[in-house]
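Colleague: Could you take a close look at the charged side chains in this one for me? I'd like to go through them with the model open.

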Amino acid sequence: MPAELRDLCRRHTDLAIETLIDICRDRDAPPNARANAANLLLNRAWGKDPAAMPGEGGGEKREIVVRWLRDDDPKDKALNPPPAKS
């Protein structure tokens, strides 16, 4: 990848992450789009599951729980503030 293209992409990292978060929060988005966005965020934050990668075995085990939050639950509202307006 040419350095200019890589630099352009890196300058838009925040926007890309915000977009993935918006997709995860969008209840009208198709479930597979929400799941894919969540998976991309988790993989970038925690790395891919070593057991799921060919040729890789074991390693540190982690449990990741994904839970869809409900707008009508006060506990969930506290954990999931609305996206920032741009």
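How many salt bridges does a search of the whole structure find?

Modeller: Bear in mind that this is a predicted model. Searching the whole structure turns up one salt bridge. Asp 7 pairs with Arg 6 there, and their closest N and O atoms are 3.9 Å apart, which makes the cut because the limit is 4 Å. Asp 7 is partly exposed, at 33% relative accessible area, and Arg 6 is also partly exposed, at 33%.

Now for Arg 34, which sits in helix H3, residues 31-46. Arg 34 is buried but has no salt bridge. The nearest side chain of opposite charge belongs to Asp 26, 6.7 Å away, so with a 4 Å limit that pair doesn't count. Setting aside neighbours within four places in sequence, Arg 34 is in contact with Ile 23, Cys 24, Asp 26, Arg 27, Ala 29 and Trp 68.

Two of those contacts lead out to surface patches. Asp 26 belongs to a patch of negative charge, together with Asp 14, Glu 18, Asp 22 and Asp 28. Within that group, Asp 22 lies in helix H2, residues 13-25, and is partly exposed at 38% relative accessibility.

Trp 68 takes you to a nonpolar patch on the surface, shared with Trp 46, Ile 64 and Val 66. Together they have about 430 Å² of accessible area. Val 66 is in the loop between H3 and helix H4 (74-79), and counts as exposed because its relative accessible area is 51%, with the cut-off being over 50%.

Key
Residues numbered from 1 in each chain as written. Predicted model: local features only at pLDDT ≥ 70, side-chain atom pairs only at ≥ 80, totals over all residues. Heavy atoms only, no water. Helix = DSSP H or I, 4+ residues; strand = E, 2+ residues; numbered from the N terminus. Buried < 20%, exposed > 50% of the residue type's maximum accessible area, 1.4 Å probe, protein only. Lys, Arg positive; Asp, Glu negative; His and termini not counted. Contact = heavy atoms within 4.5 Å. Patch = residues over 30% accessible without salt bridge, like charges linked within 9 Å, V, L, I, M, F, W, Y side chains within 5 Å. Areas by Shrake-Rupley, 256 points an atom, 1.4 Å probe, with all protein chains shown as cover. Charge placed at Lys NZ, Arg CZ, Asp CG, Glu CD.
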